[in-house]
Amino acid sequence: MLFDFPIKQVIKVTSGNTCHLLLDLGFGISHDIHVKLSNIDTPDTKGISKNAGLIAKSALEEWLNSNKNLYLCSKKWDRHTGKIIGSIYVDGQRENTASAFLLKKEIAKMYDGDRKFPWSEEDFRKIEGMR
């Protein structure tokens, strides 16, 4: 079952595909939640991929801050991490998602929740060159 919630506030972006949001549940009720963007993987912000990961994080922050009337379409709950897995999109534009933006910029790779495509040193250098 899918649920759509207006995003009241972006509290913090923690990586290129994870953020902490304040959702408007209606009736004056808000709820903060950690969200992992569905269908994508971005470089980690630690280790060998740190610089590329920080660029991915910055790109997600840029997209979230430059768009208004954002919604979260929650797809499922990740019981291992306690995060919602979902899609963030601009109201009325379901194809205008944070994931699509990151994929188009080639800062993210497709991820089906089962098998990740590996990141190479060349991938990291390409992303680092986007500064």
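Is Ser87 buried or exposed?

**Ser87 and its surroundings**

In this predicted model, Ser87 has a relative accessible area of 11%. The cut-off for a buried residue is under 20%, and Ser87 is therefore classed as buried. The residue belongs to strand E6, a segment that covers residues 83-90.

When neighbours within four places in sequence are set aside, the contacts of Ser87 are Ser38, Tyr71, Leu72, Cys73, Lys75 and Thr97.

**Pairing of strands E1, E2 and E3**

Strand E1 comprises residues 3-15 and runs antiparallel to E2, to which 6 bridges join it. The connection between E1 and E2 is a hairpin of 2 residues. Within this pairing, Gln9 is placed opposite Leu22 of E2.

Strand E2 (residues 18-26) is in turn joined to strand E3 (residues 29-37) by 8 bridges, again in an antiparallel arrangement. Two residue pairs illustrate the register: Leu21 has Ile33 of E3 as its bridge partner, and Asp24 is partnered by Ser30 of E3. The hairpin of E2 and E3 has 2 residues between the strands, and Phe27 adopts a positive phi near 55° there.

**Pairing of strands E3 and E6**

Strand E3 also pairs with E6, the strand that contains Ser87. Here the two strands run parallel and are joined by 3 bridges. One position in this pairing is Val35, whose bridge partner in E6 is Ile84.

**Salt bridge between strands E1 and E7**

The model contains 4 salt bridges. One of them brings together the side chains of Asp4 and Arg94, with an N to O distance of 2.9 Å. Asp4 is located in strand E1 and Arg94 in strand E7 (residues 93-97), so this pair ties together parts of the chain that are 90 residues apart in sequence.

Neither a buried nor an exposed label applies to Asp4, because its relative accessibility is 33% and it counts as partly exposed. Arg94 counts as partly exposed as well, at 49% relative accessibility; the cut-off for an exposed residue is over 50%.

**Salt bridges involving helix H3**

What does Lys126 form with Glu106? The two residues form a salt bridge in which the closest N and O atoms are 2.4 Å apart. Lys126 lies in helix H3 (residues 121-128), while Glu106 lies in the loop between helix H2 (98-104) and strand E8 (109-110), so the pair ties together parts that are 20 residues apart in sequence. Lys126 is partly exposed, with a relative accessible area of 47%. Glu106 is likewise partly exposed, its relative accessible area being 42%.

A further salt bridge is formed by Lys109 and Asp123, whose closest N and O atoms are 2.8 Å apart. This pair links distant parts of the chain, 14 residues apart, with Lys109 in strand E8 and Asp123 in helix H3. Asp123 has a relative accessible area of 22%. Since buried means under 20%, Asp123 is classed as partly exposed.

**Overview of the connections**

Strand E3 has pairings of both orientations: antiparallel with E2 and parallel with E6. Strand E2 pairs with E1 on the basis of 6 bridges and with E3 on the basis of 8 bridges. Strand E1 additionally contributes Asp4 to the link with Arg94 of strand E7. Helix H3 contributes Lys126 to the salt bridge with Glu106 and Asp123 to the salt bridge with Lys109.

Terms used
Residues are numbered from 1 along each chain as its sequence is written. This is a predicted model: local features need pLDDT of at least 70, side-chain atom pairs count only at pLDDT 80 or more; totals for chains, interfaces and linings use all residues. Side-chain values use heavy atoms; hydrogens and water are left out. Two strands pair if DSSP finds at least two bridges between them. Helices (H or I, at least four residues) and strands (E, at least two) are DSSP runs, numbered from the N terminus. Buried means under 20% relative accessible area, exposed over 50%, partly exposed in between (1.4 Å probe, protein chains only). Contact means heavy atoms within 4.5 Å.
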